[in-house]
Amino acid sequence: RDYVGDLTSRRALIVNKPRQMLITWVSAAFFLWDWTHFNVTDGIVSQGEREAMEVMYRMQFMHERLPKFLQRPVRMMHDRYLSGKMVSIDERSRVFVLPARPNVGRTFAFKRLLLDEAAIHPYDKAMYQSIKPTVDQGYLYIVSTPSPVPGTVYANLWNKPSPYFKRLITWDMHPERGAEWEAEKRADPEINFDREYGNKFVQSG
């Protein structure tokens, strides 16, 4: 609930989250709401093409299951330059779902832009430089599970003073996770609990 409130009110937001908290689903639902109710150009950037298409499929899945009076006539598009684009038939509202690329912000002026799993985006520094001017009058959301790689844009913005509102989402906020779940995960030698679920910038090995 706090995260959804942040999406509506925070123009510069960075989120530190554990794995498997359904944050990408919530984000996709919010962008679908924005696309449905307003005439917007929004964007979601994922790590790669496969991840970007998965976000697009989730938006399409939710849109098809909305009540008819909430659905907006839509065209789903895919080409060699875009992983996916959700466009209203009148072309007045668009959501682009894109793989991380150095110049991803130099083509469109976004109202809202989400960098999903930003800590593991390739080209993160060049991409951030291209993105920042396009959303200075809009909303930029940087969301990720931490990565142990030092010096990334995500790590610097989270660990140092920055203009971003910092939202920490912890594993125990999940309604189905408690002490038994934590003990099971910590006992697994193949899982680094602190990195995957503990919001820590530590090695995964």
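This report covers two nonpolar cores, a nonpolar surface patch and two residues with positive phi. The model is predicted.

**Inside**

In soluble globular proteins, nonpolar side chains tend to be buried together. The largest nonpolar core here holds 24 residues. Tyr3, Met59, Val97 and Tyr141 touch the most other members of this core. Several elements supply at least two residues each: helix 1 (2-9), strand 1, helix 2, helix 3 (49-64), strand 5 (94-99) and strand 7 (139-144). Helix 2 gives the most, with 6 residues. Apart from this core lies another, of 23 residues. Its members include Tyr128, Leu140, Ile142 and Val153.

**At the surface**

Which residues make a nonpolar surface patch? Leu22, Trp25 and Phe61 do, and the patch covers about 290 Å². Is Leu22 buried or exposed? Exposed means over 50% relative accessible area. Leu22 has 53% relative accessibility, so Leu22 counts as exposed.

**Positive phi in two loops**

Leu22 also appears in the backbone picture. Its phi is near 65 degrees, a positive value in a residue other than glycine. Glu117 has a positive phi too, near 55 degrees, and is likewise a residue other than glycine. Where do they sit? The table gives the loop for each residue.

| Residue | Phi | Loop between |
|---|---|---|
| Leu22 | near 65 degrees | strand 1 (12-16) and helix 2 (23-37) |
| Glu117 | near 55 degrees | strand 6 (112-116) and helix 4 (124-131) |

Leu22 thus links two topics. Leu22 is part of the nonpolar surface patch, and Leu22 is found in the loop between strand 1 and helix 2. Those two elements each supply at least two residues of the largest core.

Key:
Residues are numbered from 1 along each chain as its sequence is written. This is a predicted model: local features need pLDDT of at least 70, side-chain atom pairs count only at pLDDT 80 or more; totals for chains, interfaces and linings use all residues. Side-chain values use heavy atoms; hydrogens and water are left out. Helices (H or I, at least four residues) and strands (E, at least two) are DSSP runs, numbered from the N terminus. Buried means under 20% relative accessible area, exposed over 50%, partly exposed in between (1.4 Å probe, protein chains only). Patches are made of residues with over 30% relative accessible area and no salt bridge: like charges are joined within 9 Å, nonpolar side chains (Val, Leu, Ile, Met, Phe, Trp, Tyr) within 5 Å. Accessible areas come from the Shrake-Rupley method with a 1.4 Å probe; for residues, only the protein chains shown count as cover. A salt bridge is a side-chain nitrogen of Lys or Arg within 4 Å of a carboxyl oxygen of Asp or Glu. A nonpolar core is a set of buried Ala, Val, Leu, Ile, Met, Phe, Trp, Tyr and Cys residues joined through side-chain atoms within 4.5 Å.
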